[in-house]
Amino acid sequence: MWGSIISEWASLLLRWLHVVAAIAWIGSSFYFIALDLSLKPKSDLPDGVQGEAWQVHGGGFYRIMKYLVAPTQMPDELTWFKWEAYTTWLSGFALMVVVYYLEADLFLVDKSILDLTPFQAGLFSFCSLALAWLLYEAACRTGLAQRELPFAIGGYLFLVALTYAFTHVLSGRGAFNQIAAIIGTIMVANVFAVIIPNQKKIVAALIAGRAPDPKLGKTSKERSVHNNYLTLPVVVLMISNHYPLLYATRFNWIIVAIILALGPVIRHFFNERHAGRKSPWWVWGVASAGALAILFLSAAGPREVKTGALSAPVTGANVEDIVMSRCSMCHATEPVWAGIVTAPKGILLDAPEHIHRNIRLIGRVAAWSTAMPPGNITEMTSEERAILAAYIEQAR
Ligand code: HEC
């Protein structure tokens with residue numbers, strides 16, 4: 001019992017840290033992107049300054065200047081922005097271990113997709129994470145990333161192919177988290193392995209009185225553009241685990257493909273706007289079309305739908321039987337499932353009145369999607385899901 005309680009609180013603390021660190025990281029990176037885009041060249045600026053910007057915040061005015069690549073002398077004090085990113089990854093990885101690796105049987109494996117042991121699934125997740133990052137890094141280092149458009153298209157197809165593969169190996173929820181973790185890892189690694197080391201080399205050159213290599217700044221810029229476009233998709237994928245209709249329906253991988261395309265498109269709107277160029281309003285047309293497509297795709301139901309007429313009209317008693325036999329071992333005042341100490345999310349499904357009160361929730365997680373039972377651990381059949389769906393349809 002203590003194991004379950006400790007892991008529950010560890011998950012809360014880590015999630016808290018993860019979200020706060022990510023807010024700080026994304027907040028500062030959005031801020032710097034907008035700042036960069038708004039810098040204006042002026043005639044009276046010191047040597048080496050590319051441009052300046054005026055801002056007002058918190059009761060005062062700020063005059064900010066950007067030196068490119070660096071000032072001629074090291075300033076006495078220099079603020080670095082790196083722990084926001086590192087903390088986001090460290091807390092995120094720890095959270096992934098607590099939720100997805102230690103409870104792989106519930107959240108990573110779905111035996112109706114592929115019959116893996118929790119250990120195999122964890123190993124697969126970890127290795128594919130490392131491998132995907134290495135491939136990205138190799139592609140950048142061999143100079144492929146310099147050709148922006150082909151690299152963007154190739155990177156997009158790479159991520160979609162990975163998603164397709166993950167949704168055929170892991171549970172839908174595990175697959176969504178996996179692709180999000182890969183994108184997040186690539187982003188943090190860009191900071192850790194490229195942007196910060198390059199910045200350190202520039203600082204070292206300044207201290208030694210040498211002119212820093214401008215190539216260092218250029219490579220960093222390339223990686224930070226990647227991060228900029230990956231920010232919106234990674235956030236929505238990270239929170240997608242709260243939306244069964246996204247991750248546990250038949251076309252879940254196509255939904256991810258749309259999200260991966262929409263995020264950068266929406267980002268483009270703000271980049272253009274902050275640069276003072278004409279706002280590309282078409283972006284919102286594309287975004288709405290994508291959102292609508294996701295809505296319809298998510299309505300397609302579970303991967304294996306039982307079509308055709310059910311043998312008999314569905315009754316409330318059928319539904320109660322199904323829920324009692326597939327759900328109530330966990331969703332009860334005193335759950336009998338090992339490792340579950342209280343009804344998950346406070347949802348009780350152990351008596352007819354509880355079942356009927358929660359019928360809409362049941363529909364969302366077990367009839368129109370396969371989110372529950374987690375990892376289909378109690379082996380609910382698609383026939384049973386069809387019965388639940390038919391009952392809810394009748395009851396309306
Ligand atoms: C092995 C235990 C187990 C079984 C069996 C199980 N659940 Fe759950 N259920 C959970 C856990 C754990 C969570 C919390 C998931 C999370 O942390 O996101 C949950 C969450 C839920 C939620 C809340 C979802 C949300 O978004 O907050 C609903 C609704 C639900 N289950 C319904 C069902 C139904 C219906 C069944 C049967 C078809 C079922 N569960 C079977 C363990 C179980």
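Lysine 218 lies in helix α7, which covers residues 214-239. The model it belongs to is predicted. The chain has 396 residues, of which 44% count as buried, and its secondary structure comes to 14 helices and two strands. An iron atom of the ligand has protein donors from His331 and Met372.

**Lysine 218**

- With a relative accessible area of 56%, lysine 218 is exposed, because the cut-off for that class is over 50%.
- Between lysine 218 and asparagine 252 there are 37 Å in space, C-alpha to C-alpha, for a separation of 34 residues in sequence.

**Overall layout**

- The C-alpha trace spans about 85 × 50 × 50 Å along the principal axes of the chain.
- Two domains divide the chain: domain 1 runs over 2-298, and domain 2 over 316-395.
- The C-alpha centres of domain 1 and domain 2 are 36 Å apart.
- To the contact between them, domain 1 gives 14 residues and domain 2 gives 13 residues.
- Taking contacts between residues at least 6 apart in sequence, 65% join residues at least 24 apart.

**Iron site**

- His331 donates through NE2 and Met372 through SD, and these protein donors lie 2.0 to 2.3 Å from the iron atom of the ligand.
- Six donor atoms surround the iron atom, and the arrangement is octahedral because the angles they subtend are 86 to 179 degrees.
- The two residues, 41 apart, link distant parts of the chain.
- Histidine 331 sits in the loop between α11 (316-326) and α12 (352-357), while methionine 372 sits in the loop between α13 (359-367) and α14 (382-395).
- Histidine 331 has 11% relative accessibility and therefore counts as buried, the limit being under 20%.
- Methionine 372 has 27% relative accessibility, so methionine 372 counts as partly exposed.

**Aromatic pairs**

- The whole structure contains 16 aromatic pairs.
- One of them is the stacked pair of tryptophan 89 and phenylalanine 93, with 5.1 Å from centre to centre and 5 degrees between the planes.
- Both residues belong to helix α2 (residues 83-101), and because they are four residues apart, about one helical turn separates them.
- Tryptophan 89, at 28% relative accessibility, counts as partly exposed, and phenylalanine 93, at 21%, also counts as partly exposed.
- Phenylalanine 269 and phenylalanine 270 form an edge-to-face pair, with centres 5.2 Å apart and planes at 85 degrees.
- Within that edge-to-face pair, phenylalanine 269 is buried at 3% relative accessibility, whereas phenylalanine 270 is partly exposed at 29%.
- Ring pairs also join Trp89 and Phe93 with Tyr101 and Phe126 in a cluster.

**Charges over rings**

- Lysine 82 places its charged end over the ring of tryptophan 80, at 5.6 Å from the ring centre.
- Arginine 173 has its charged end over the ring of phenylalanine 107, at 4.3 Å from the ring centre.

How values were computed. Residues numbered from 1 in each chain as written. Predicted model: local features only at pLDDT ≥ 70, side-chain atom pairs only at ≥ 80, totals over all residues. Heavy atoms only, no water. Donors = N, O, S within 2.8 Å, 3.2 Å for Na, K, Ca; no water. Tetrahedral: all angles 85-135°; square planar, octahedral: opposite > 155°, others 65-115°. Buried < 20%, exposed > 50% of the residue type's maximum accessible area, 1.4 Å probe, protein only. Phe/Tyr/Trp six-rings, centres within 6.5 Å; stacked < 30°, edge-to-face > 60°. Lys NZ or Arg CZ within 6 Å of the ring centre and 35° of its normal. Domains from an automatic or database assignment. Contact = heavy atoms within 4.5 Å.
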